[in-house]
Amino acid sequence: MKASCRFLCTAIVAFVSLFGVGASSAWSQSAATIKLVVPYPPGGGIDALARIIAEQVGRAQGPAMVIENRPGAGTEIGTEVVVRSMADGNTLLVNNAALLLLPHLRKVDYDPFADLAPICNLASTPNILVVNSNSPFKNLDDFLRAARGKAGGLTYGSAPGGLANVAFEMLAHRAGIRLTFVPFGGTTPAINALLGEHIDAAMADYPAAAGQLKGGKLRALVVTSRKRMEALPNVPTAEELGYRDYEVEVWYGMFAPAKTPPEAISRLSDWLSSAIRAPQVRAKLAAQEITPVAACGADFATYLRKQSDDYGRAIRESNMRAE
């Protein structure tokens with residue numbers, strides 16, 4: 001009888017540990033290392049943000065966050081890595097608008113709303129239309145005038161299906177010009193091509209272009225936010241130049257595979273919110289013109305739905321096609 005009781009009690013404890021209150025502890029113990037998949041090459045704004053957040057979480061919370069860059073296919077490759085990972089909170093995705101844009105442009109093997117669980121919108125920053133400093137284009141009017149006078153338009157580079165791709169096509173549609181798209185694996189390769197004068201323009205978030213702008217190798221023509229940037233006070237916004245409602249902000253969000261335990265999502269949200277609000281993190285982000293957001297849970301989910309609707313509308317209006 002005593003043996004049967006011991007067996008039954010042991011079974012109950014094991015069951016509770018697996019499916020009851022012990023689930024949070026089990027997850028915590030398995031999260032000694034958390035992999036952050038960045039679906040872009042190293043060096044861009046999203047990569048920089050991921051590393052800043054990973055360092056802070058590791059310092060303040062304990063688990064090491066390891067960055068894994070998996071660029072390609074407009075972020076689809078890296079996104080699928082996370083979608084197909086175990087839903088245990090130990091493999092996460094750091095992505096931006098490309099996550100929502102791709103399904104509007106072509107068939108992809110994931111549904112951003114069904115296959116991923118949003119954790120937090122971490123931060124945002126404007127895009128900047130940049131040209132080589134040797135370019136004859138001193139302002140946006142120069143650029144648009146040249147595009148109108150050249151068969152096929154000027155060339156620009158970006159990741160296919162990314163926000164920069166959409167931002168250029170939106171501008172072309174509103175300005176009544178044609179531009180020729182040259183695909184690259186991400187912002188950094190596009191900027192390298194621009195520096196080599198292989199393309200006429202690129203659209204970059206400030207962290208990706210800051211070094212070249214400060215070094216005088218790139219020239220900024222316009223920013224896509226509603227307000228001018230402190231780091232570029234002489235660069236006008238698109239709205240100032242007559243393109244009303246042309247606002248293309250870069251947002252950076254973190255996601256887990258769908259069906260990740262709620263307690264894991266909750267704890268990750270707490271860690272990320274704490275990290276993004278840390279004074280040292282805010283100082284690093286401010287230096288790169290990145291604005292902390294830290295909107296998590298339902299607020300982030302609602303934001304994503306609205307952004308997806310807005311992107312779809314812009315793509316249809318611009319008659320944009322996937323490359």
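The mean pLDDT of the protein chain is 87, and 89% of its residues reach 70 or more; pLDDT is the predictor's confidence in each residue, from 0 to 100. Now select residues 1-29: the pLDDT is below 50 there, and beyond near neighbours in sequence this stretch has 17 contacts in the model, where contact means heavy atoms within 4.5 Å.

This is a predicted model, so local features need pLDDT of at least 70 and side-chain atom pairs count only at pLDDT 80 or more, while totals for chains, interfaces and linings use all residues. Residues are numbered from 1 along each chain as its sequence is written, and side-chain values use heavy atoms, with hydrogens and water left out.

**Stop 1: strand β3**

Select residues 91-95, which make up strand β3. Helices (H or I, at least four residues) and strands (E, at least two) are DSSP runs, numbered from the N terminus. Is β3 enclosed or open? Five of the five residues are buried, so β3 is largely enclosed by the rest of the structure. Buried means under 20% relative accessible area, exposed means over 50%, and partly exposed is in between (1.4 Å probe, protein chains only).

In a regular strand the side chains alternate between the two faces of the sheet. Show the side chains of β3 and look at each face: T91, L93 and N95 are on one side, L92 and V94 are on the other, and all are buried.

Next, add the neighbours of β3. Two strands pair if DSSP finds at least two bridges between them. Select strand β1 (residues 33-38), which pairs with β3 in the parallel sense over three bridges. Here you can find K35 opposite T91 in β3. Then select strand β9 (residues 249-257), which runs antiparallel to β3 and is joined to it by three bridges. Which residue of β9 stands opposite N95? That residue is G253.

**Stop 2: salt bridges**

How many salt bridges does a search of the whole structure find? There are 13. A salt bridge is a side-chain nitrogen of Lys or Arg within 4 Å of a carboxyl oxygen of Asp or Glu.

Go back to K35 and add E68: their side chains meet in a salt bridge (3.5 Å, N to O). E68 lies in strand β2 (residues 64-69) and K35 in strand β1, so the pair ties together parts that are 33 residues apart in sequence. Both ends can be checked for accessibility: E68 is partly exposed, with a relative accessible area of 23%, and K35 counts as partly exposed at 28%.

Now select D47 and R51, whose side chains meet in a salt bridge (2.9 Å, N to O). Both lie in helix α3 (residues 45-61), four residues apart, about one turn of the helix. D47 counts as buried at 5% relative accessibility, whereas R51 is partly exposed at 38%.

For another pair, select E240 and R228, where the salt bridge is 2.8 Å, N to O. Both residues lie in the loop between β8 (218-223) and β9, so the pair ties together parts that are 12 residues apart in sequence. E240 counts as partly exposed at 47% relative accessibility, and R228 is partly exposed at 39%. To end this stop, select K35, E68 and R70, which are joined into one network by salt bridges that share partners.

**Stop 3: aromatic rings**

A search of the whole structure finds seven aromatic pairs. Rings of Phe, Tyr and Trp (its six-membered ring) pair if their centres lie within 6.5 Å; planes under 30 degrees apart count as stacked, over 60 as edge-to-face and the rest as tilted.

Select Y156 and F168, a stacked pair with 4.2 Å centre to centre and 25° between the planes. Y156 lies in strand β5 (residues 154-158) and F168 in helix α7 (residues 163-175), so the pair ties together parts that are 12 residues apart in sequence. Are these two rings' residues buried or exposed? Both Y156 and F168 are buried.

Then select F255 and F300, a tilted pair at 5.4 Å centre to centre, with 45° between the planes. This pair links distant parts of the chain: F255 is in strand β9 and F300 is in helix α12 (residues 298-318), 45 residues apart. F255 counts as buried at 1% relative accessibility, and F300 is buried at 0%. Add W251 and Y303, which form one aromatic cluster with F255 and F300.
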